[in-house]
Amino acid sequence: GTMSGSGPEAPQPGDTAEDRLEEAEQDWAAAKAFYDNLVSKRPRPPKPQHAITVAVSSRALFDLVEERRIYEEQGVEKYVEYQQDNENVILKPGPAFYFVKALMHVNARLLELYPDDEERFDIVLMTNNHAQVGVRLINSINHYGLTIERFCMTGGKSPIDYLKAYLTNLYLSADSEKVQEAIEAGIASATMFSANKDVAYSDTQLRVAFDGDAVLFSDESEQIVKEQGLDRFFEHEKLNENKPLAQGPLKGFLEDLGKLQKKFYAKNERLDCPIRTYLVTARSAASSGARVLKTLRSWGLEIDEALFLAGAPKGPILVKIRPHIFFDDQMFHIEGAQKLGTIAAHVPYGVAQKYHKSA
């Protein structure tokens, strides 16, 4: 979450990044002083500088398929009217719902071990919904007991600047254009897809599965496969085995998960850690696995399980893992995972997108 965005205006004197950071710090201090005088039993949302901020859109969090249809067929006024008429009808879970529940379980465990620490997940609802729809969203969030204190309802405006303001570590949306915009702005982001089957997810352990190339790593290797074929790729990976791969868009989120895992390990909770990470890659271990593992090692990152499938489909393995979310850059793998009941998130990054668009 070290994104700092500034508008196109030329910087004014006293408008450097440091000045802005200092002003922000003063703002936080003033707000905190005000709230500290108010007594509350609820844990405060952490400061974005300390938190791992996960921004979720309303269509990722809840099932709004029917509402979306009304919006597209009858326009925004009818849509808002429908939402207001139904504001006491609780929305059903959407694709990111169980992931958010699992984040909250991790938070609860962290608060037990580190009651005064702010390094935990902060879930922000980032929606281009209109404020009038807010009551229904709030009713649904409270019904499920989700801890989502911060809402940005942008009324149709792009959320990118708000994502930057909250130092967002991960943005999940059902809108692929917004996700593309976020990725281009350097924010880890993915488009959520519902599973086609109902699967039971662990409610005591957050499970996150990542594809390797163009997700944790850059798309350098995929470019070679596409342009020069598989054999040339194997040669290239052997030659460069000791040269770490460049980072991909979700490396930072794996790092965030690793930081939290270490907090559990520090309290001797390794065997009972509520976070588990998986690498699920189409690479073959023998011919192109070493570089991946050495890259992770050079980053100081541990992954709990690494699964090298050598081109076999990912769906059947994912069924066994049952991740709350699986990140991949290729729609082909997303669809395969979805069919078998895995909630998948598409990362629109790298060379696969160019080929996907022209296909």
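Start by selecting strand 5, because this tour opens at a pocket: strand 5 gives three residues to the lining of the second largest pocket, the largest share. Keep in mind that you're looking at a predicted model.

**Stop 1: the second largest pocket**

Strand 5 covers residues 189-193, so colour that stretch and then add helix 3, residues 65-74; each of the two supplies at least two residues of the pocket lining. Now show Val65, Gly94, Pro95, Phe193 and Ser194 as sticks. Of the 22 residues that line this pocket, these lie nearest its centre. Two of the names link back to what you've just coloured: Val65 is among those nearest the centre, and 65 is where helix 3 begins. Likewise, Phe193 is in that central group, and 193 is where strand 5 ends.

How much space is in here? The volume of the second largest pocket is about 560 Å³. If you colour its lining by residue class, you'll get 13 nonpolar, four polar and five charged residues.

**Stop 2: the largest cavity**

Next up, closed-off spaces. Across the whole structure, a search turns up two cavities of 30 Å³ or more. For the largest cavity, select Gly258, Gln261, Lys262, Tyr265, Gly300, Leu301 and Glu302, which line it. The space they surround has a volume of about 40 Å³. Sorted by class, this lining has two nonpolar, three polar and two charged residues.

**Stop 3: the second largest cavity**

Clear that selection and pick Leu110, Leu111, Tyr114, Asp117, Glu119, Arg120 and Lys263, the lining of the second largest cavity. About 30 Å³ of space lies inside. Which classes of residue line the second largest cavity? Three are nonpolar and four are charged, with no polar ones.

**Stop 4: zoom out**

Now show the whole protein chain as a cartoon. You'll be looking at 16 helices and ten strands. Along the principal axes, the C-alpha atoms fill a box of roughly 60 × 50 × 45 Å. What is the radius of gyration of the protein chain? It's 21 Å, which agrees with the value near 21 Å for a compact globule of 359 residues.

Switch on the surface to finish. The chain exposes about 17,900 Å², and carbon and sulfur atoms supply 51% of that. Beneath the surface, 45% of the 359 residues count as buried. As a last look, show contacts between residues at least 6 apart in sequence: 75% of them join residues at least 24 apart.

Definitions and conventions
Residues are numbered from 1 along each chain as its sequence is written. This is a predicted model: local features need pLDDT of at least 70, side-chain atom pairs count only at pLDDT 80 or more; totals for chains, interfaces and linings use all residues. Side-chain values use heavy atoms; hydrogens and water are left out. On a 1 Å grid over the protein atoms alone, a cavity is a set of points where a 1.4 Å probe fits but cannot get out, and a pocket is an open set with protein on both sides within 12 Å along at least five of seven lines; lining residues have an atom within 4 Å of a point. Grid points are joined across faces, edges and corners, and a volume is the space filled by probe spheres set on the points. Helices (H or I, at least four residues) and strands (E, at least two) are DSSP runs, numbered from the N terminus. Ala, Val, Leu, Ile, Met, Phe, Trp, Tyr, Cys and Pro count as nonpolar, Asp, Glu, Lys and Arg as charged, and the others, Gly among them, as polar. The radius of gyration is taken over C-alpha atoms; the globule rule is 2.2 Å times the number of residues to the power 0.38. Buried means under 20% relative accessible area, exposed over 50%, partly exposed in between (1.4 Å probe, protein chains only). Contact means heavy atoms within 4.5 Å. Accessible areas come from the Shrake-Rupley method with a 1.4 Å probe; for residues, only the protein chains shown count as cover.
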